[in-house]
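Grab your viewer and a scratch pad. Here are a few exercises to work through, each with a solution you can follow step by step.

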Amino acid sequence: MQNMKFFDPEAIFGHIYTNAPIGIALISLERKWLNVNKAVCRIFGYSEEEFRNFTLDDIRHPDDRNNGRGLLTELLDGGIPSFELENRYFNKNGQIVWASVHVSLVRNDQDGNPLYFIAHFIDVTKNKLAELKLQESIERYTSLKKYNHDAIISFGLDGIIMNGNTMVQQMTGYLIEELIGSGMSKLIGEKNSINLLSALNNHINNHQAIENVEKDIAFIQHKNGHSVEVLVTLAPIIIQTQIMGFYIIAKDMTEQKKLIIEKEAAEKTNKAKSDFLAMMSHEIRTPMNGVIGMTEVLLETNLDEEQIEYVEIIKKSGATLLAIINDILDFSKIESGRTELVEEPLSVSTVLSETLYMVMSKALEKNLEITTSVCPEVPNLVYGDTTKLRQVLMNLLSNAIKFTPKGSVSISVETVSQTSNQVRLQFAVKDTGIGVPKDQVGHLFEPFYQVDHFMTRKTEGTGLGLAICKKLVGLMDGEIWHEDAIDQPGSTFLFTANFRVQLNHSDSSQYDIWREQENISENSEEQSLKILIAEDNEVNQLVLKKMIEKLGHKTTQVQNGKEAVEAVKRYPYDIIFMDIQMPWMDGLAATKFINAQLNGKKKPYIVAVTAHAIKGDCEKYVSEGMDAYISKPISMDAISAIIARVERMNAQVT
C-alpha cells in the first residue's frame with residue numbers, strides 16, 4: 001500500500017464530498033443550509049444557490065417536522081454522537097421524497113461548543129413506496145381473511161397448520177393457537193389428510209387431483225366431536241413463483257343446506273297443493289256438471305210452476321257451490337303466480353253493461369236503484385284483460401248488492417292519468433248498505449276474512465272475493481281500497497288499473513267490428529252437425545247429449561278414447577267432445593291417434609272436456625293437438641259457442 005503522504009487529503013475529501021452518491025449537507029444550528037453536494041441537489045431538485053433561500057424545515061413534510069426533536073436535543077447535549085431517521089420532504093416539483101437521514105454534530109475542538117450539523121441524505125422513495133404498497137396489500141389480505149364469512153386455514157406442504165382466521169375458531173371450536181403446528185388430519189380426518197398431501201405433491205402435474213380432494217373434503221371436525229358440512233376450495237400460497245403452502249377455504253353449508261331442503265319441501269308442497277286442487281276440481285266439478293247441466297235440460301221440459309221453483313232452487317244452489325269452488329281455485333292460481341293478463345280490445349262501457357246485466361236480477365229482487373257514470377275522458381276503446389276486469393267489478397257489485405238491504409248502488413269510471421300509449425282508470429262502486437266497521441277495514445282484503453262471524457252471518461261466501469280482487473288489481477298495476485260514505489250509510493270501494501291505448505281512433509268502431517266478428521253466429525243458418533261424445537261418465541254423457549240435442553244436432557256416444565278412435569275410422573265427424581280422463585285410452589292419446597290417422601284429410605274439431613280448471617290447461621291441450629277447451633260444469637252457452645264456431649268455419653270453407 002502506498003504511503004498517504006503522497007496524496008493530498010483535502011483533495012481526496014473534496015472529491016468524495018462532491019461526487020458521493022449520497023447527499024451530504026452542512027446545516028447550521030438554525031437549520032439553514034451552509035453547503036450541499038451534488039447528490040443533495042439531485043435528490044431535492046434545487047441548485048446550491050436556491051438552497052440558501054430556505055431552511056431544512058421549509059421543505060420537510062408538516063407531519064414529520066417534530067420527528068427526531070428529542071434525538072436532536074440529545075445530540076446537542078452530547079448524549080449521543082449521531083442519530084438516524086426517515087423523513088418526508090417536498091422536492092422542487094412539489095413531489096414527496098422519502099429520505100433516510102443520518103445526522104451528526106461538528107463541535108469546536110477547543111471548547112467543544114456545537115458549530116454545525118452534517119446530514120447524510122439517502123433517497124429511499126422507491127423502496128418506501130414498494131413497502132407501503134406491500135403493507136397495503138397485507139392489510140387488505142388481513143382484513144379479507146379476518147372478516148371473511150368462510151373459514152380460511154393456511155398450511156404448509158407438509159400438511160402442518162400455520163394460521164387461520166376468526167371463522168376457523170367459530171367453525172371448529174379450537175383456538176388458532178391450538179391449531180398452529182397441528183396436522184390437517186385434526187380437522188379433515190386421516191384419510192382426507194393423506195389424499196390431500198398426495199395431491200399437493202402432484203399439484204404441478206395433476207390439477208385434477210386437487211379438485212378431487214376438494215370434493216372429498218365434505219366435513220370439518222369440530223372440537224366437541226360433531227361434523228360441520230362444508231364446501232371446500234384449495235388455493236396455493238405462492239411466494240416468488242414458488243408454492244410454499246395452501247389455503248383451505250371452507251364454507252359452512254349448514255344454513256344453505258337447510259334453505260335447499262326448505263325450498264325443495266316448499267316446491268313439493270306447492271306441487272302437492274296444485275295436484276290436490278286439480279284433483280278436487282275434477283272430483284267436484286264432475287258431479288256438479290250433472291247437477292247444473294241436468295237442471296238446465298230439465299227446465300226445457302214441460303214443468304208446472306212448483307216443479308220449476310224446485311229446479312230453480314237446485315240450479316241456484318249448484319251455481320252458488322260452483323262460485324265458491326271457483327273462488328278457491330282462482331285464489332290458489334293467483335297465489336301460485338300462475339295467473340297472467342290476456343290483452344284484448346275492450347270497451348269499458350260494454351264491460352260495465354255486461355257485468356250489471358249479470359247482477360241486475362238480484363238488484364231488482366231488492367228493488368235497488370242501479371246507476372252508472374262514465375267520464376267523457378275515458379277512451380271508448382282500450383286494451384286489457386276483459387275477464388279479470390269483469391271479475392273485479394262482479395265481485396264488488398255483488399258485494400254491494402249483497403250488503404245493501406235498500407237504497408242504491410252506483411258505479412263510476414274516470415281517468416286518473418293518460419299518456420300516448422297508456423291510460424290509468426279509476427273505478428268506484430258505491431252503495432248505501434250496512435257499511436264496514438272502522439276496526440275491520442284493515443282486514444277487508446285479507447284471504448278468508450269476513451266481516452260478519454260465521455255463526456251469525458246472514459250472507460254466503462268464502463271471504464276470498466276481496467282478496468282475489470286485490471290480487472287481480474295488482475296484476476293490472478293498480479290499487480284497491482275502501483272509503484266510508486260521508487254523511488250517509490254505506491261504503492265505497494275504489495280501484496285503479498292501467499290499460500293500453502292506441503292513437504288515431506275517435507270512436508269505438510274497431511271494437512264494434514271485433515264484437516260483430518265474435519257474435520256473427522247469431523244470424524248464421526242452422527244446419528245439423530255430426531257430433532261425437534267421448535265420455536266415460538254416464539251422467540256427463542247424458543248432459544252433453546241433451547244439451548246438443550236442444551241445439552238441434554244429433555250425437556253419437558262412446559265410453560273411452562279407444563272407442564273414439566274406432567268411431568272416427570267409421571264415420572267423419574264435425575266435432576268431438578273429448579273427455580280428458582277416460583279408461584283404456586285417455587283423451588290426449590286418442591286425439592294423437594285421430595290426428596295421425598287423418599293426416600292430410602279433413603279432421604274433426606276436437607274439444608277438450610275436463611273437470612280441471614287450472615291455468616295453462618287450455619294451452620297444454622291445444623299444444624297436444626286439440627282445438628278448444630271447456631271445463632265442467634258445462635253450460636249450454638259454452639256448447640252453443642263451440643257449435644257456432646264450427647259452423648262459421650264450415651261456412652268459410654264452402
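Thr 404 makes a good warm-up: leaving aside its neighbours within four places in sequence, Thr 404 is in contact with Lys 366, Leu 368, Val 409, Asp 431, Thr 432 and Gly 433. Keep in mind that you're looking at a predicted model.

**Exercise 1. Place Thr 404 in the chain, and decide whether it counts as buried or exposed.**

Step 1: find the segment. Thr 404 sits in the loop between α15 (386-402) and β14 (408-418).

Step 2: check the accessibility. The relative value is 0%, and buried means under 20%, so Thr 404 counts as buried.

**Exercise 2. Do the same for Ser 104 and Thr 492, then list what they touch.**

Step 1: start with Ser 104, which is found in strand β4. Its relative accessible area is 17%, which puts Ser 104 in the buried class.

Step 2: collect the contacts of Ser 104, skipping residues within four places in sequence. You should get Leu 75, Pro 81, Ser 82, Tyr 116, Phe 117 and Ile 118.

Step 3: move on to Thr 492, in strand β17 (residues 491-500). With a relative accessible area of 10%, Thr 492 is buried.

Step 4: not counting residues up to four places away in sequence, Thr 492 touches Ala 428, Val 429, Lys 430, Trp 481, His 482 and Glu 483. For a distance check, the C-alpha atoms of Thr 492 and Ser 410 are separated by 9.3 Å, with the two residues 82 apart along the chain.

**Exercise 3. Which class does Met 394 fall into?**

Step 1: locate Met 394 in helix α15.

Step 2: read off the relative accessible area, 25%. The partly exposed class runs between the 20% and 50% cut-offs, so Met 394 is partly exposed.

Step 3: leave out residues up to four places away in sequence, and Met 394 touches Thr 355, Met 358 and Val 359. Its C-alpha atom is separated by 9.7 Å from that of Cys 469, 75 residues apart along the chain.

**Exercise 4. In what order do the five strands of the open sheet run, and which are the edge strands?**

Step 1: trace the order, β7-β6-β10-β9-β8, with antiparallel pairing.

Step 2: look for strands that pair on one side only. Those are the edge strands, β7 (161-164) and β8 (219-221). From one strand to the next, the twist averages 40°.

Step 3: zoom in on β9 (residues 227-239) and β10 (residues 242-252), an antiparallel pair with ten bridges. Here Leu 231 stands opposite Lys 251 in β10.

Step 4: add the helix. α11 (residues 207-216) packs on the sheet and touches β9 and β10, and its direction makes about 155° with that of β9.

**Exercise 5. Describe the hairpin of β1 and β2, then follow Arg 31 to a pocket.**

Step 1: β1 (residues 23-28) and β2 (residues 33-36) run antiparallel and are joined by three bridges. Ala 25 stands opposite Val 36 in β2.

Step 2: four residues lie between the strands, and Arg 31 in the turn has a positive phi of about 75°.

Step 3: the second largest pocket is lined by 21 residues, and Arg 31 is among those nearest its centre, along with Leu 56, Arg 60, Leu 72 and Phe 83. Elements giving two or more residues to this lining are α4 (56-59), α5 (69-77), β3 (82-90), β4 (96-107) and β5 (114-123).

Step 4: finish with the numbers. The second largest pocket has a volume of about 300 Å³, and its lining has twelve nonpolar, four polar and five charged residues.

Notes:
Residues numbered from 1 in each chain as written. Predicted model: local features only at pLDDT ≥ 70, side-chain atom pairs only at ≥ 80, totals over all residues. Heavy atoms only, no water. 1 Å grid on protein atoms, 1.4 Å probe; cavity = no way out; pocket = protein on both sides within 12 Å on 5 of 7 lines; lining within 4 Å. Points joined across faces, edges and corners; volume = space filled by probe spheres on them. Nonpolar A, V, L, I, M, F, W, Y, C, P; charged D, E, K, R; others polar. Pairing = 2+ DSSP bridges. Axes fitted to C-alpha atoms, helices over the stretch in contact; angles between N-to-C directions. Contact = heavy atoms within 4.5 Å. Buried < 20%, exposed > 50% of the residue type's maximum accessible area, 1.4 Å probe, protein only.
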